[in-house]
Amino acid sequence: MTTWAPLARTGADPYAAALRAGHGPLFLRRADGWLLPLEVERWCARADPVDRAVLDRCEGAVLDVGCGPGRLVAELAARGRTVLGVDVSTAAVDHTVRLGGQALCRSVFEPLPGAGRWGTVLLMDGNVGIGGDPGLLLDRVGQLLAPGGLLIAETAPVDVDERVHVHLTDTREAVGEPFLWARLGTPALLRYARGWTPAGQWAAGGRRFVALRTRSASSSAEPPKSTAVISSQRAAKPSGDWPVADR
């Protein structure tokens, strides 16, 4: 989970501090005091079996939006997949690179390499909330994907649809400035996904996922192993500004 607003004048960066430590406490806090614990330990660990099952479904070149400390980018790179992470946190990008992945410090709404040519875009770990406007985020992802491309998103484990101002806090002294965020359960994400073809939904390890495909393709997300990586399935390198080498 990433895409943080500018931090408070104190210079506190609770997210970067948590990544350096490899653990929390770290929370999203609403104005009313409600706290959502963030799973820093899991994000900083290697991809777990639930993650790996999600990655088995990926097609072509993969863009991990809000890659955080890079466990998914590193796992895909180790498989020989073409993959790039993007994150607005310098600490997250640095962590991803140290794991052996490639990443850019950039917002999903900024110009990105390979736009319109990615085979799969990932929105994991709550990143359907980026920007606080699910419709706008889905439109942007659609611009990044190739025709018939696949979006795999992790949704909240409960049926929720909220768009709120939150800030990051470690509940001690470090507090970031407020920013817009959204929390979406699967039904809410599907309501926002006008112009997309549902391609599957599943739950594993207490987490929930949705696959959506741009409407130019009618096939649904394939189960694990049926999307095994072979050279004919990898997206061709689209231009010289693609920062990820084909493997």
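**A walk through the helices and two unusual loops**

The axes of helices α1 and α5 cross at roughly 25 degrees and come within 9 Å of each other. Angles under 35 degrees count as roughly parallel, so α1 is roughly parallel to α5. Which residues make this contact? From α1 come Tyr-15, Ala-16 and Leu-19. From α5 come Ala-91, Ala-92 and His-95. Sorted by class, the contact of α1 with α5 has 5 nonpolar residues, 1 polar residue and no charged ones. Keep in mind that this is a predicted model.

Now step back to the whole chain. The protein has 7 helices and 11 strands. It has 247 residues, and 54% of them count as buried. About 10600 Å² of the protein is exposed. Carbon and sulfur atoms supply 52% of that area. Next, take the contacts between residues at least 6 apart in sequence. Of these, 66% join residues at least 24 apart.

Return to α1. Which of its residues are buried? They are Pro-14, Tyr-15, Ala-16, Ala-18 and Leu-19. Several elements help to cover them, including helices α2 and α5. Strands β4 and β8 are also part of the cover. Tyr-15, Ala-16 and Leu-19 have appeared before: they are the residues of α1 that meet α5.

Ala-18 deserves a closer look. This residue is found in α1, which spans residues 14-21. Is Ala-18 buried or exposed? Its relative accessibility is 4%. Buried means under 20%, so Ala-18 counts as buried. What does Ala-18 touch, leaving aside its neighbours within four places in sequence? It is in contact with His-23, Leu-26 and Val-40. Val-40 belongs to α2, which covers residues 40-44. Glu-41 lies 23 residues away from Ala-18 along the chain. The C-alpha atoms of these two residues are separated by 8.9 Å.

Follow the chain out of α1. Gly-22 comes after the helix, and its phi is positive, near 80 degrees. Then comes a cis peptide bond, which joins Gly-24 and Pro-25. Its omega is about 15 degrees. Pro-25 sits in the loop between α1 and β1, a strand of residues 27-30. Why point out such details? Most residues other than glycine have a negative phi, and most peptide bonds are trans.

Asp-125 is another case to find in the structure. Its phi is positive, about 55 degrees, although Asp-125 is not a glycine. Where is Asp-125 found? It is in the loop between β6 (118-123) and α6 (134-144). Asp-125 has a relative accessibility of 9%. That value is why Asp-125 counts as buried, since the limit is under 20%.

Finish with a second helix pair. Helix α3 holds residues 49-56, and helix α4 holds residues 71-78. They pack at an angle of about 60 degrees, and their axes are 11 Å apart. That angle makes α3 oblique to α4. The crossing of α3 past α4 is right-handed. Which residues meet here? Asp-51, Arg-52 and Leu-55 are on the α3 side. On the α4 side are Arg-71, Leu-72, Glu-75 and Leu-76. By class, the contact of α3 with α4 has 3 nonpolar, no polar and 4 charged residues. Set this beside the first pair: the contact of α1 with α5 has no charged residues.

Definitions and conventions. Residues are numbered from 1 along each chain as its sequence is written. This is a predicted model: local features need pLDDT of at least 70, side-chain atom pairs count only at pLDDT 80 or more; totals for chains, interfaces and linings use all residues. Side-chain values use heavy atoms; hydrogens and water are left out. Helices (H or I, at least four residues) and strands (E, at least two) are DSSP runs, numbered from the N terminus. Buried means under 20% relative accessible area, exposed over 50%, partly exposed in between (1.4 Å probe, protein chains only). Contact means heavy atoms within 4.5 Å. Accessible areas come from the Shrake-Rupley method with a 1.4 Å probe; for residues, only the protein chains shown count as cover. Axes are lines fitted to C-alpha atoms, for helices over the stretch in contact, and angles run from 0 to 180 degrees between N-to-C directions. Angles under 35 degrees count as roughly parallel, over 145 as roughly antiparallel, 65 to 115 as roughly perpendicular and the rest as oblique. A crossing is left-handed if the near helix is turned anticlockwise from the far one by less than a right angle, and right-handed if clockwise. Ala, Val, Leu, Ile, Met, Phe, Trp, Tyr, Cys and Pro count as nonpolar, Asp, Glu, Lys and Arg as charged, and the others, Gly among them, as polar.
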